[in-house]
Amino acid sequence: MKRPSESRRGSPTWALTLPLAALVATQARAVRADEPSAAPPPLAEPADDADADADAAEPVDTQSQINDLRQQMKDLQMGLDQTRQIATLRRPIVNVGGYVDFGFFAPQGTGVGVVQDEGPSRYFPEYANKYAWVFLGDLLAPTVNSRGEAASLGNFPGVNRFDSIDSTGAPSFIVNEVNMTLTAALSPSALATASVNFVPRSGHDFSIGDFMEVDIAQLEWMPTRSGRTSIFVGKFDSVFGIEYRDRKSNQRFGVTPSLVARYTTGTPLGIKFRSKLGDEERVVIAGALTNGSATTEQFHFYDEIDSNSGKTVSGRLSVRPLRFDLEIGASGSWGPQDHALDSTDAMWFVGVDLLGHFGPLDVKGQWIKGGAPGETGPVYDPNHRPYGLHLNNGGYLELDWMVTPFLGLLARGDLRDAEVWLGDPNALSGADRFYLTKEWRATAGVRAVVNEHVVVKAEYLHNGEYSARMPSIPNDVFTSSLLLTY
Amino acid sequence: MGRTIERILVAGAAILLSALAGCHATDNVFCSSAGCGWSSTDWARVAALSPLPDPPPDPSNRYCNDSSAAALGASFYFDPGFSGNTTLKDSIGRTVAAARTPLGQPANVSCASCHNPTHAGTDESSVPNTVSIGAGIYDVNGQQTVNAAFYPLLYWNGRSDSLWSQAIAVNESPFSMNGSRLQTYWRVVDRYLAQYSSVFPDYPNTQLTVAEATAPSGKPGTTSGCQAGSATEPAGDAFDCLSAADQTVVNRVFVNFGKAIAAYEYTLVSRDAPFDRFVRDGPGSGWISPAAERGAMLFVGKASCIDCHNTPLLSDGRFHDIGVPQVGDHVPTVEDCPPGSSTCDCTPGHEAASCAPSGAWAGAKKLVAGKFQRHSSWSDDTSDGGAPCLSTEIAVPPSCGSEPDPTLKGAWRTPSLRDVALTAPYMHDGYYQTLDDVVRHYNVGGVPGAATVFQLPLCGADVGGACMDAGAPAPHLAVEIKPLGLSDDEVADLVAFLGTLTGTPIPPLDAGAPHDAGAPHDAGAPHDAGAPHDAGGPSDAGPSQ
C-alpha cells in the first residue's frame, strides 16, 4: 500500500540520485549522437591519403606538412570542444519540483502558547527575583503548519519578534509555503539540490512580511561504486533522529511537527556523510560536522553562520535487527553553543528513535534530551548572550495508518519538559527571561489523497500542561492543509 | 472518490460562507470567554484589580472607622495651627533659601497644605513641586493621602507602620510642619477639648500637673533626660523636663491626635474610576477608550506593570529600586552625605539611618527605632503582631532580623496608581513631570547608572575598600527593570489606560469646623502664632472649601 508521495519518504536524495544520474548519462550520449556532421573525419584517413600522395607527388617539406596537420588537429579539437560545450548547455540537467501548501487554521483563545507568570499570584514565585520575565507553556505548541509556525507568539516584554502568523486567535486561511526544489545531476555520482521556500506573510508598518528561505543547498557525492556512501556539503538535513525525513509538508503524513522537532529538523551548514552497511543495508551510520546544532530557524538557537570557531559534531547509528521493517536509531550532537562568541560551553543532545513500517501502518517514535549552559557572569550583553537550555525530556509517538489508499489517519502523543532562559540568573542584574515548559499534546489527524498531485490533511492539536503548578493554557489548534505538488 | 471530493468542497464552502456572513457573530465564536482580544489569563489579572475594597482595619487604632474620630481628624487635617515656625532647613539639615514663610515665622501649614484631599491627596502648593515644602524643604515628593489607608507601611521609605504614627511624625518634622507634641497638646486642649473628650472617652486625663507644662511647645530632645533651658534642645527641652506622668498625658493626646487624622484618612478612598466600571461590565463595554483597553492589556501583559502595581490598590506596598536618579533641587545625594556626617551618613556598605538617599534602607532602620510602632504600648491592640518587615518581599516579624535587607538601598515604595493622572510629578523625587515620561522610563529599563549608587564594586585584585563577592546578594536594580520594547503606540495606550484610573473626587468638607471650639491657649506661645483657624476654611488647603 503505497502513497503517491511515499517515494519521497525514507531517503529522498538516494531515491532521486540514481535515476537522475542515469538520465543524465543517457542524455549525454544522445547529445553526442546528435552532434552536427561538420565534425571532421577520423584523422587516420587523411593520414593514409597523405602517405599515398607523398609517394606519387613531388617531394615536399615534411616538417611543414606535419605542422599543418598539427594546426589542423588543433583547430578541429577546438571546434569539438566548442560543440561539446554548446551541447552541454542545451542539456536539461536541472529538474524542478515542489509544492504549494495552502491551509486553514483556527486556534483557541489568542493562539498564544505561553502565559507570563507575573503579578502577585505567581505560579512559580521562586523565579520572581531571578528573572525579569517568566513564561509558562510552550511558545511553539499552537503550531499551524509543517513549518512549525505558531498561531501567535503573543506580545511580550523585552523582545521584538517576527511573529510570522500573528493571528491573535482569529481563524485564517494561510499559504503555508510555496516550495521549489531544484535538483541537478552534475555527474553520475554527484547531485546538487536546492530547496527554496517562498512564504507569504503579513507586513507591518509598511514593511513587507513575505520572505524567502533556502532550507537546502547541498551537493551530494557518492564516492563508491556501490552508491551506499554519500558525502554532503552545504546546507542539508540533519542527521539527528528521524523527524527530519518528513519535515517538509509534502513528506509529512500529517500537518504539524512534533514538540521536539525544533531540536532535530533544522538544516545546518557543514559536511555530512552517510553509509549504509551490511546485507540489506541493515546498519546505517551518519555523521556531520556543522556550524551549529540541528535546531530549526523557528527556534532561538538556530545559528546559520557560526559565531565561534568550534563546530558541532553530530551523528546517528541505526539498525534494522529484525526481519520486518523496523529501524531503531540513536543520535547525538555536541558542539559550542549556538550564538556563543566562544567555544567554551557545549550544547548537546542525545536521543533514540524508532521507525517501523507494517503494511499500511507506520510507527514513529523519538525521545530526546539536551542541554546548554547559557550565559554566566555579571556582564550583560543581550545581543550575543546565548540561551540556556535544560531539555529534561522530550519526545513523541506517532501512528500513521492508511486505512484505504485514499484515506489515512494519524494519532500522535507529544511531551516536552524544558527550561529555557536568557541571561545569568545568578548575576547581579538577574536574567532577562525564563520559559518553563511542562507540555503534553495529543494530535488527531486525517489525510485524504485525492490524486498524485493533491493531498488534503487536517489535524486537531490539544495542548495541555501536565504539572499541577502550571496554569491551563487554552491553546488548542485546528489546522488543515491542501497540498498541491508539481 | 467523487462523492468525497464533493463533500470536501461543500464543507469548505460552508466555512467560507460562515466567515463571510458571520461578522460580529463569527468574532464571538472564536473569541475567548474573557472577550475578544483578551486571553482568559489577562482578563483574570485585570479583574483582580477592581473594585477597591474598604481599607483593611488597623488593630492599633480602634478609631480608624469611627465617624466621630474622622470628623475630629478632618479638623486636625486642615488646621495649620498644629505647625511650628519655619526652619529653612532641608531634610539633611542644610539651610535653604526659602520655604513657605520667612525664617522663624509661623509656617502656617496643615496636612492639607501638601495633601489636598480633593486632588487625590497630593501636593499642589509647593513650588517647584518636585519635593514638598513646609517649614523647610522635604527630600521627597508628597505622596497621596487618598487611599493611604491601604498601605501596610507609610512614606516613600516605609518608616512608619500606621497612619497615626505617620501623622504625628510629620507633625514634629522640622522640615515639614515643625510642630511639637506639646504644642499639639495645647492646641487640642484649647480648641478641641469637648470633641476630643467625646471621641476618646477612655482617655479623660488631659490635665498636666506641673508648672513647666505651661510651656507652649516641646518635643523629645536628642539628649536623654531634662536639659532645662538648653539651647540645643527643642523649646529648651520643655517636654523632656515634664514629669513622666505629664509626658504620658501629652503623648496620649498626641497619639490620639494622630489616630483621629488616621480615621479621617480612612475616609479618603478613590472609587468608581472608569476602569472600575470597565472591569464591572467587561471588555467592549465602552467605559474606556479602545486605546485604554489596549493599554490595560499591556498593563497586565507586555509592560508587566502588575509585577508591582497590583491588587485593587494598584500597588504591592513593597519597595523597589527602579532606576530613578537621585537628583533634583533639595534632593540629597550620596555625595551630600559623607561618612561620619551627623545629619546624613552614607558610608558605602554601612549606610546609617540618616542616609536619606538610601530610601527604604534608612526607612527600615527608622521603623525599628520608632517609639510609636503599631505594636508599641500606644497601640489599641498590643497583641497585634505589628507591621510586616520592611522588605522588597514583606515578611512577618520577628523574622525581620537586626539589619535591613540590603536590597532596600535605593528602593522606594510602589505608589498606588489610582488617581495617578492627578499626582504629577512622579517618582519619589518628582523626577518625571508626565505619565508619558514615566512609561518611557520603564520602557528603556530605567535611567542607566541610576541604580548603581549603592552597588559595591565586585571584589577583585584591583578593587580596594568595600566590595562584594560575585553572585552574592547585593543591592541592585529590581530585576523587572529591563527594556520592555514597547512601541510609541503602546506607550500612548498605556498612558491612556492610566488616565482611566481617576476615581470620583473626594467632596470638600463642610465649612463648619468643630476645631474652632475652645479658647486658644494664651501662653504667648508660637503654637497659636499662626492665623486662627476660622470657619472660612482650612487655610491653604485650596479647593477643599
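Is B:Phe257 buried or exposed? Let us work up to that and a few neighbours. This is a predicted model, in which local features need pLDDT of at least 70, side-chain atom pairs count only at pLDDT 80 or more, and totals for chains, interfaces and linings use all residues. Residues are numbered from 1 along each chain as its sequence is written, chains are lettered from A and ligands numbered from 1 in the order in which they are written, and side-chain values use heavy atoms, without hydrogens and water.

**Exercise 1. Place B:Phe257 and describe its ring partners.**

Step 1: B:Phe257 has a relative accessible area of 1%, so it is buried (under 20%; exposed is over 50% and partly exposed in between, with a 1.4 Å probe and protein chains only).

Step 2: Recall that a pair of aromatic rings is described by the distance of the centres and the angle of the planes. Rings of Phe, Tyr and Trp (its six-membered ring) pair if their centres lie within 6.5 Å; planes under 30 degrees apart are stacked, over 60 edge-to-face, and the rest tilted. The count over all chains is 34 aromatic pairs.

Step 3: The centres of B:Phe76 and B:Phe257 are 5.1 Å apart with planes at 45 degrees, so this pair is tilted. It joins distant parts of the chain, with B:Phe76 in helix α4 (residues 67-78) and B:Phe257 in helix α9 (residues 244-265) of chain B, 181 residues apart. Helices here are DSSP runs of H or I with at least four residues, strands are E runs of at least two, and both are numbered from the N terminus.

Step 4: B:Phe254 and B:Phe257 are stacked, at 6.4 Å centre to centre and 5 degrees between the planes. Both lie in helix α9 of chain B, 3 residues apart, about one turn of the helix.

Step 5: One aromatic cluster includes B:Phe76, B:Phe254, B:Phe257 and B:Trp378.

**Exercise 2. Find the surroundings of A:Phe240.**

Step 1: A:Phe240 lies in the loop between β7 (229-235) and α4 (261-264) of chain A.

Step 2: Its relative accessible area is 3%, so A:Phe240 is buried.

Step 3: Not counting residues up to four places away in sequence, A:Phe240 touches residues including A:Thr264, A:Ser331 and A:Phe349 (contact means heavy atoms within 4.5 Å). The C-alpha atoms of A:Phe240 and A:Ser331 are separated by 5.4 Å, although these residues are 91 apart along the chain.
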